[in-house]
Amino acid sequence: MAKESSHAPRPADGVHRVVVIVDENSNPFELSCAIEIFGLRRPEIGRDLYDFSLCSPEPRTVMRDGFFTLTGVADLEAADTADTLIVPNRPDIEVPRRPAVLDAVRRAHARGARLVGFCSGAFTLAEAGVLDGRRATAHWQWADSFRARFPSVHLAPDVLFVDDGDILTAAGSAAALDLGLHVVRRDYGAEIANSVSRRLVFAAHRDGGQRQFVERPMPDTPDESLAPALAWAQERLESPLTVAGLASHAAVSPATLHRRFQAQLGTTPLAWLTAQRLALACRLIERGEARFEVVARRSGLGTAANLRTLMRRETGITPSAYRRRFGPEAN
């Protein structure tokens, strides 16, 4: 995923408005993902995170394959009020989007709204012209088609999502959940994103990219699950874990461990360990630990200097900036 990231624009009234455009033949699953993440009330958190609404260019919108018809939502003018606008996605990628929808996307981009495309929503964004010269991702099945139609877009086909500042794209249907939780994490911090993910019964952060889902022949003897080794390591992040130690616990060689990580998670053991430690460091800061030396030690990152380097590289901000935004005094 991209290292660049942006936080939610803060409206004058303090309520961040998320609007989803639903168009003819839109996919119900991605719409449901948006509703689950941005539209539900959050009594377990004690406050609502977003003001959420749907809009459509037509009074009646037939969803994918005619499964049902959506009525009773706002008209397309609602898109002009969005702080975050989620654009339509649908399986018929070769059919041009409605001019009115593309115009709404362009207007939102021009006034500084954040744009989000789930799955084939990247085609909507590219068709509107807002992705020219930008990074984006799309489902691996459509990567060649996307490159042929939109050569000025820098496609990253191996990731689950791309955060390119004010425009974010998710690779496939389930990756809408990954990107949605990423947005919540950027807006409200890791603790609240974890709370939302627990309600979804979905991982707050999935490792690796969509390369792990590309069709390939099944091996004759599948590798055993990494889950026991991962759980063992997560309980010991403060300890000086090494790839060799993790391999020893899994009773395999370091080379075999690397192969299993790449096959099952699409990443390396060291990258996974670093991501887990950074996530723990973020949680410690959010819970009020002000001493970065302590945060670094308890999360297994060693020194405050290493914590600063890794946090800036992975989140785009320093630990101090993270504390100001997501620490106890920020809420």
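A residue counts as buried here when its relative accessible area is under 20%, and as exposed when that area is over 50%. With that cut-off in hand, the tour can start; keep in mind throughout that the model is a predicted one.

**The whole chain**

Begin with the protein chain in a cartoon view, where the secondary structure comes to 13 helices and 10 strands. Of its 331 residues, 51% count as buried. Among the contacts with a separation of 6 or more, 65% are between residues 24 or more positions apart.

**Strand β1 and its partners**

Select residues 17–21, which form strand β1. Because 4 of these 5 residues are buried, the strand is largely enclosed by the rest of the structure. On one pairing, 5 bridges join β1 to β2, and the two strands run parallel; to find the place, show R17, which stands opposite D51 in β2. On another pairing, 3 bridges join β1 to strand β5, residues 84–86, again with a parallel run, and here V18 stands opposite T84. Now add helix α1, residues 28–39, to the selection, and you will have the parts of a right-handed β-α-β unit made by β1, α1 and β2.

**The open sheet**

Widen the selection to the 6 strands that form an open sheet with mixed pairing, and follow them in the order β2-β1-β5-β6-β10-β9. The edge strands are β2 (51–55) and β9 (161–163), each of which pairs on one side only. From one strand to the next, the twist averages 15°.

Stay with the sheet and pick out β6 together with strand β10, residues 167–170, which are joined by 4 bridges and run parallel. Within this pair, L115 has I167 of β10 as its bridge partner. Then bring in helix α3, which packs on the sheet and touches β6 and β10, with a direction that makes about 135° with that of β6.

**Two residues with a positive phi**

Most residues other than glycine have a negative phi. The next two stops depart from that pattern.

Select C119, in the loop between β6 (114–118) and α3 (121–128). This residue has a positive phi of about 55° although it is not a glycine. Is C119 buried or exposed? Its relative accessibility is 3%, so C119 counts as buried.

Move next to A251, whose place is in the loop between α8 and α9. The phi of A251 is also positive, near 60°, in a residue other than glycine. In its case the relative accessibility is 68%, and therefore A251 counts as exposed.

**Helix α7**

Select residues 227–234, which make up helix α7, and colour A229, L230 and A233, which are buried. Looking down the axis of α7, you will find that its buried residues fall within an arc of 100°, so they line one face of the helix. To see what they meet, show α8 (243–249), α9 (254–264) and α10 (269–286), against which the buried residues of α7 pack.

**Helix α6 and R199**

Which helices do the buried residues of α6 pack against? Select α6 and then add α1, α5 (175–188), α10 and α13 (319–326), since these are the helices that the buried residues of α6 pack against. Helix α6 is mostly covered, with 8 of its 11 residues buried; they include A190, I192, V196 and L200.

Remain on this helix, residues 190–200, and pick R199, which lies in it. R199 has a relative accessibility of 39%, so it counts as partly exposed. Leaving aside residues up to four places away in sequence, R199 touches L40, R41, R42, P43 and E44. Add E36 as well: the C-alpha atoms of R199 and E36 are separated by 9.4 Å, while the two residues are 163 residues apart along the chain.

**A last look at cysteines**

A disulfide is a covalent bond between the sulfur atoms of two cysteines. By the distance rule used here, a pair of cysteine sulfur atoms within 2.5 Å, the count comes to 0 disulfides. Two cysteines to select are C55, which is buried with a relative accessible area of 0%, and C282, which is buried with a relative accessible area of 8%.

Terms used:
Residues are numbered from 1 along each chain as its sequence is written. This is a predicted model: local features need pLDDT of at least 70, side-chain atom pairs count only at pLDDT 80 or more; totals for chains, interfaces and linings use all residues. Side-chain values use heavy atoms; hydrogens and water are left out. Buried means under 20% relative accessible area, exposed over 50%, partly exposed in between (1.4 Å probe, protein chains only). The arc is that of the directions from the helix axis to the C-beta atoms. Contact means heavy atoms within 4.5 Å. Two strands pair if DSSP finds at least two bridges between them. Axes are lines fitted to C-alpha atoms, for helices over the stretch in contact, and angles run from 0 to 180 degrees between N-to-C directions. A crossover is right-handed if, with the strands pointing away from the viewer, the path from the first strand over the helix to the second runs clockwise.
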